[in-house]
Amino acid sequence: MAQVLIVYHSRTGGSRQMAEAAFAAAQAEGEARLLRAEEAQPADVLAADGYLFCGPENLAALSGAMKEFFDRCYYPVLGQIEGRPYAQLICAGSDGEGAARQLARIATGWRLKEVQPPVIVCTHAQTQEEILAEKGIGAADLTRCAELGAALGAGLSMGVF
């Protein structure tokens, strides 16, 4: 059975909630694994058939922990996962486009195939207090995350990708 690997990083809870919503929906469609970026290893990437990467945008870029996941796993899997599908979830205080572009460039290096545009959830956190506060992602945004997880899981299970 095809497996979706969902790798996420979250410092204030927003990305975690998004990844968990996608994971629950992906599991309903087939096999799925949810791993924190700090835990995910090259063997996990190699074992999966498709990917959903979820992380916060920090200072117009991917969070350091997500970047470290890619740094750690990039070369050990290079040339072995080409053509596999991926999608991304970004939790951002403003636009999220910088992190989405950065992640897409990394996925292009791996020769992954983007199967859905990024889902960017904007928390509108702009002050130091808002940025550092625990996040609560609204139901409508969690539904968007779940829909992406379900679509990726179903597509893999049906052999669409």
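In this predicted model, Cys91 lies in strand β5. The relative accessible area of Cys91 is 7%, so the residue is buried. Leaving out residues up to four places away in sequence, Cys91 has contacts with Gly14, Ser15 and Met18. Further contacts of Cys91 are made with Gly55, Pro56 and Glu57. Val121, Thr123 and Ile137 complete the set of residues that Cys91 touches. Trp110 stands apart from Cys91 in space, with 23 Å between the two C-alpha atoms. In sequence, 19 residues separate Cys91 from Trp110.

Gly14, one of the contacts of Cys91, belongs to helix α1. Its relative accessibility is 1%, and Gly14 therefore counts as buried. Beyond the neighbours within four places in sequence, Gly14 is in contact with Cys91, Lys135 and Ile137. Ile137 is thus listed for Gly14 and also for Cys91. Gln116 is 102 residues away from Gly14 along the chain. The C-alpha atoms of Gly14 and Gln116 are 20 Å apart.

The space left open in the structure was examined next. Rolling a probe the size of a water molecule over the atoms shows where empty space is left. The largest pocket holds about 440 Å³ of space. It is lined by 20 residues, and those closest to its centre are Pro56, Glu57, Asn58, Gly93 and Ile131. Four elements give two or more residues to this lining: α1 (14–29), β3 (50–58), β5 (85–92) and α5 (128–132). Strand β3 gives the most, with three residues. By class, the lining of the largest pocket has eight nonpolar, nine polar and three charged residues. Two of the residues closest to the pocket centre, Pro56 and Glu57, are also touched by Cys91. The strand that holds Cys91, β5, is among the elements that give two or more residues to the lining. The same is said of α1, the helix that holds Gly14.

Helix packing was considered separately. Two packed helices are described by the angle between their axes and the distance between the axes. Helix α3 (residues 64–77) packs with helix α4 (residues 97–110) at an angle of about 10°. The axes of α3 and α4 are 11 Å apart. Angles under 35 degrees count as roughly parallel, and α3 and α4 are therefore roughly parallel to each other. From α3, the residues in contact are Lys67, Phe70, Cys73, Tyr74 and Val77. From α4, they are Gln102, Leu103, Ile106, Gly109 and Trp110. The contact of α3 with α4 has seven nonpolar, two polar and one charged residues.

Gln102 lies in helix α4 and takes part in the contact with α3. With a relative accessible area of 16%, Gln102 is buried, because buried means under 20%. Apart from neighbours within four places in sequence, Gln102 is in contact with Ala61, Leu62 and Lys67. Lys67 is one of the α3 residues that meet α4.

Several loop residues were also examined. Ala60 is placed in the loop between β3 and β4 (61–62). Its phi is near 70°, a positive value in a residue other than glycine. Ala60 has a relative accessible area of 53% and is therefore exposed. Arg111 lies in the loop between α4 and β6 (113–114). Although Arg111 is not a glycine, its phi is positive, at about 65°. The relative accessibility of Arg111 is 51%, so Arg111 counts as exposed. Exposed means over 50%.

Gly136 lies in the loop between α5 and α6 (139–158). At 68% relative accessibility, Gly136 counts as exposed. Gly136 and Ala99 are 37 residues apart in sequence. In space, their C-alpha atoms are 20 Å apart.

How values were computed:
Residues numbered from 1 in each chain as written. Predicted model: local features only at pLDDT ≥ 70, side-chain atom pairs only at ≥ 80, totals over all residues. Heavy atoms only, no water. 1 Å grid on protein atoms, 1.4 Å probe; cavity = no way out; pocket = protein on both sides within 12 Å on 5 of 7 lines; lining within 4 Å. Points joined across faces, edges and corners; volume = space filled by probe spheres on them. Nonpolar A, V, L, I, M, F, W, Y, C, P; charged D, E, K, R; others polar. Axes fitted to C-alpha atoms, helices over the stretch in contact; angles between N-to-C directions. Parallel < 35°, antiparallel > 145°, perpendicular 65-115°, else oblique. Contact = heavy atoms within 4.5 Å. Buried < 20%, exposed > 50% of the residue type's maximum accessible area, 1.4 Å probe, protein only.
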